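Reader: Hi! I have a new structure open and would love some help reading it. Could we go through it together?

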Protein chains: 2
Amino acid sequence: MEPIILVHGGAGNIRDWRVLPKIEGVKTAAKVAYEILEKGGNALDAVEQAVRILEDDESMNAGRGSVLNEDGEVAMDACIMDGQTLDAGSVAVVKDIAHPITLARLVMEKTPHTFLAGHGANRFAKENGMKILSPGSLVTKDALYALEYFKKHGGIQGDCGDIENPGEVGTVGAVAIDCRGHVAAATSTGGLNGKMEGRVGDTPQIGGGTYADDETGAASATGHGESIMKFCVTHSIITAIRNNLDPQEATDSVLNRMTEKLKQTAGAISISKTGDIGIGMTTKRMPWAYRKGNTLFYGIEQGKQHSEVLVE
Amino acid sequence: MEPIILVHGGAGNIRDWRVLPKIEGVKTAAKVAYEILEKGGNALDAVEQAVRILEDDESMNAGRGSVLNEDGEVAMDACIMDGQTLDAGSVAVVKDIAHPITLARLVMEKTPHTFLAGHGANRFAKENGMKILSPGSLVTKDALYALEYFKKHGGIQGDCGDIENPGEVGTVGAVAIDCRGHVAAATSTGGLNGKMEGRVGDTPQIGGGTYADDETGAASATGHGESIMKFCVTHSIITAIRNNLDPQEATDSVLNRMTEKLKQTAGAISISKTGDIGIGMTTKRMPWAYRKGNTLFYGIEQGKQHSEVLVE
């Protein structure tokens, strides 16, 4: 099986000045995480690595650079799922750790549970030797400005935010298939700018923002979290692929039905067990990139794709 | 449309001495909540009322009588969903409130979000005038004994617990259709006996433990939460009904596939927009009851049904 990794950096009405850093971010994540697959590594390690890179990238709404809640705090959600076993790990409302996706993986591998939220998730992180950062370490100037703007102008905004709102940076996610045909998905986010304390979005909801099943494929979603949750977007995409739609048709049809029914926008990426991919959005923009062999494909506008050949 | 309400009191290897109080509990909830539907009230109010009655019932694993986490605390999850709009409200890891299902409904109706967890959920409860009980108020003698048993004998046990484990009381849930053909679902639970602080189960995961969509029907699940989440049991049941299975076939087929794939057990109830119902379990027992007109149907063993006519 030829391995592939496909990543996104959040769907929304992304402003022009954010386009370039976001494209650079997803390209780097796809390029670097692919090296794991190239060496025969597994899909789970590759999606975790891609998301870790994007969590470190301040132009994304995940890890450092996350939007802030109503109290001015970074409170993050993440989920990772292994298509081979359907094992999954989710965390929600976690604070002061650099890599929520790695904490989600620890939940999957070191507890009898799949989902830890709030104080219990942070306690588990500490007990497992994960570095707890000093409060405020993940807060950036852009995030502070976005919250200030939100408090003045109102409206709940996130990565599907209004074009005028600086809080519309993006959730990040990845799907991959490895050389043995196993798939995995991972998603990480700071959620909505100005959200209430304790708000949980679609990202850590299995079948909402994240799903993977070797029998069919894997998907990661981004956009208006409340709508993605209600519509079970990634589970719906995987079910559509199982019912013989190709991933592109499946992704487009689920997102279009969600937007028609709930009047909110979203984006998603998907991959099937045959290695076909889907990249869809009902937003203006969503940065994405995928790598297959030495070619890197990427884009951010609806229907537009670029590619470049990587030279050793 | 002839209204119906169908409730469950948790799937598991329920011990004999718990059978009678559980049957009485689900019968009372179905009987009383039906009065709302009978007067032309809506499905959403009926499922909330049914679950409130079961949260007050100490023989159930919800509200007072919930199992305890590793710290000896009651930490509850709940979700309510309105099939008319797909609006939903979920709470997780909430403490010291009598009716998590009513808090979930407040999240749905009074916030721009669908899901609040932990401290933020309790803060929202307080801000909305919900009574915060003194710590320990929801802890029962049975729950204390169950935790002590768990700490001596190990193993994570919940409402799908081992027959010898006293912590195997049940998650509660309800689905209903009202005279206008609207459906709703509600589920509430104390989760797993001895669970880690912050553990979130399937109950508040839309499409995991709870789902409702007027275009198809509604469902509520119970059992091994981690497996129900990974399999998106209620969303899978609703999707199967959409693909023309009747609710009984849909419920049985999804539960059987889940148990075959993940080697864990569960139960579920469902209702279609045509008013047909499904009641399924891969556990030994699950108490259930439904009321249609003046007849109350109920049962707890696989494949066995009783009925009685209610006299005014």
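Reader: How many residue pairs are in polar contact across the interface of chain B and chain A?

Author: The rule finds 25 such pairs between chain B and chain A, both residues being at pLDDT 80 or more. A polar contact is a pair of N or O atoms within 3.5 Å; within protein, one must be able to donate a hydrogen and the other to accept it, and residues adjacent in sequence count only if both atoms are side-chain atoms. Before we go on, this is a predicted model: local features need pLDDT of at least 70, side-chain atom pairs count only at pLDDT 80 or more, and totals for chains, interfaces and linings use all residues. Residues are numbered from 1 along each chain as its sequence is written, chains are lettered from A in the order in which they are written, and side-chain values use heavy atoms, with hydrogens and water left out.

Reader: Thanks! Which parts of chain B touch chain A?

Author: Several elements of chain B each supply at least two residues, among them β3 (88-94), α4 (118-127) and α8 (247-262). Helices (H or I, at least four residues) and strands (E, at least two) are DSSP runs, numbered from the N terminus. By class, that side of chain B has 19 nonpolar, 13 polar and 12 charged residues. Here Ala, Val, Leu, Ile, Met, Phe, Trp, Tyr, Cys and Pro count as nonpolar, Asp, Glu, Lys and Arg as charged, and the others, Gly among them, as polar.

Reader: And how many salt bridges are there between chain B and chain A?

Author: The count is 12 between chain B and chain A, and 43 over all chains. A salt bridge is a side-chain nitrogen of Lys or Arg within 4 Å of a carboxyl oxygen of Asp or Glu. One of those joining the chains pairs Glu70(B) with Arg123(A), with the closest N and O atoms 3.3 Å apart.

Reader: What about one inside a chain, say the partner of Arg18(A): which residue is it?

Author: That is Asp142(A), and the closest N and O atoms are 3.9 Å apart. This pair links distant parts of the chain: Arg18(A) sits in helix α1 (residues 16-38) of chain A and Asp142(A) in helix α5 (residues 141-153) of chain A, 124 residues apart.

Reader: Back to the two chains: what turn lays chain B on chain A?

Author: A turn of 180 degrees does it, with a shift of 0.0 Å along the axis and an RMSD of 0.0 Å. The two copies are therefore related as by a two-fold rotation axis. Copies are superposed by least squares on the C-alpha atoms of residues with pLDDT of at least 70 in both. The same surface serves both copies, since 100% of the contact residues of chain B recur in chain A. Contact means heavy atoms within 4.5 Å.

Reader: Nice! New topic: where is Ile53(B) found?

Author: Ile53(B) is in helix α2 of chain B. Leaving out residues up to four places away in sequence, Ile53(B) touches Thr28(B), Ala29(B) and Val32(B).

Reader: How far apart are Ile53(B) and Gly9(B)?

Author: They are 44 residues apart in sequence and 11 Å apart in space, C-alpha to C-alpha.
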